[in-house]
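Me: Got a model here that I'd like to go through. Can you take me round its helix packing?

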Amino acid sequence: MSALKALPTAAATRKGILTLMLGVAMFSTMDAVAKGLLQSYPTAQVVWARFIGQAMLVLAILGPKRIGPTLRTPYPWLHLARSSFQLATTGLFFLSLGYIGLAEATALADMSPLLITLGAALFLGEKLGPRRIAGVVVAMIGALMIIRPGAGLFTPAALLPLACAMCYAASALLTRLVGQKEGPATSMLHAALFGAVATSIAVCFVWQPIALADLPRFAVLGCLGTAAQFCLIRAFSMAEASAIAPFSYLGILYATLFGIAFYGEYPDMWTMIGALVIAGSGLYVWHRETIKR
């Protein structure tokens, strides 16, 4: 009987991992688009486009009759905290892209899985076994191979993606907590409206006219952010945060590829080795979770 009960959990974990991987790929694509826009527009304006796009898409999908019921929630403060952390995550990361390469910023921000795994054990009561710890630690070693402390990357600007990692971890844990109680539409709508209102106020002070040729990139930014956020909510709603968190490290691989393709940022040998170590640790955790369940 216990084996029969374990099967849905294993299936949910696999689906959560695959959903997270898709979301990370879309987030990485969004970051690559944002890096290009940040060369011509203020950070606040690019962040505004990401959230105003999500707000417009979510409102259009829900329709007038479903907006009110979707907004109603018995957990308003949790949604406010989660939305604040999500906005901070995007703002801090986009700001860092003006000073640090795409792959390096992603490597620093992708320290968040360690924080998620530890936070899930401390605040959500999830089990923190030795294999999960080992997988995350090995992934951290891979990240350190990429950023190589002492090689000149640790400037004040490097604190931005590190702060982003902390905000992302907090947002992911709150997503896991709220996702067990409500559907993803409520979280999507609250985050979209909060981000749209907050950034609309900020962008008034730095607005620059948008060139006609850049409008498609701004639109793609909003669409990718919306789809990626939906995948993130679904992933952390289906599976334990600490079980799927290591797969966020795949963002380093995506960022490296986009950095080469769009910005001529070629990784060196240590970056490639570190990326392989990170991917291998994530696959190891997934394999162990599958066997365990």
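Reply: Here is a short tour of some helix pairs and one residue. The model is predicted, so local features need pLDDT of at least 70, side-chain atom pairs count only at pLDDT 80 or more, and totals for chains, interfaces and linings use all residues. Residues are numbered from 1 along each chain as its sequence is written, and side-chain values use heavy atoms, with hydrogens and water left out.

Me: How do you describe two packed helices?

Reply: By the angle between their axes and the distance between the axes. Axes are lines fitted to C-alpha atoms, for helices over the stretch in contact, and angles run from 0 to 180 degrees between N-to-C directions. Helices (H or I, at least four residues) are DSSP runs, numbered from the N terminus.

Me: OK, H4 and H8. What angle do they pack at?

Reply: About 150°, with the axes 8 Å apart. H4 covers residues 76-96. That makes H4 roughly antiparallel to H8 (under 35 degrees is roughly parallel, over 145 roughly antiparallel, 65 to 115 roughly perpendicular, the rest oblique).

Me: Which residues of H4 and H8 make the contact?

Reply: Contact means heavy atoms within 4.5 Å. Among them are Phe85, Leu92 and Phe93 of H4, and Cys164, Tyr168 and Leu174 of H8. By class, there are 17 nonpolar, six polar and one charged residues. Ala, Val, Leu, Ile, Met, Phe, Trp, Tyr, Cys and Pro count as nonpolar, Asp, Glu, Lys and Arg as charged, and the others, Gly among them, as polar.

Me: And H5 against H8: how do their axes cross?

Reply: At roughly 40°, coming within 7 Å. H5 is residues 102-109 and H8 is residues 159-179. That makes H5 oblique to H8. Ala105, Leu108 and Ala109 in H5 meet Pro161, Leu162, Cys164 and Ala165 in H8. That contact has seven nonpolar, no polar and no charged residues.

Me: What about H6 and H8, what's the crossing angle there?

Reply: Roughly 40°, with the axes coming within 9 Å. So H6 is oblique to H8. Residues that meet include Leu115, Ile116 and Phe123 in H6, and Met166, Tyr168 and Leu173 in H8. The split is ten nonpolar, two polar and no charged.

Me: Switching topic. Threonine 70: buried or exposed?

Reply: Buried, because its relative accessibility is 9% (buried is under 20% relative accessible area, exposed over 50%, partly exposed in between, with a 1.4 Å probe and protein chains only). Threonine 70 is in helix H3, residues 64-71.

Me: What lies 2.6 Å from its side chain?

Reply: The backbone oxygen of arginine 66, that far from a polar atom of the threonine 70 side chain. Leaving aside neighbours within four places in sequence, threonine 70 touches Leu62, Ala185, Thr186 and Leu189.

Definitions and conventions: Helix = DSSP H or I, 4+ residues; strand = E, 2+ residues; numbered from the N terminus. Polar contact = N/O pair within 3.5 Å; in protein donor to acceptor, adjacent residues only side chain to side chain.
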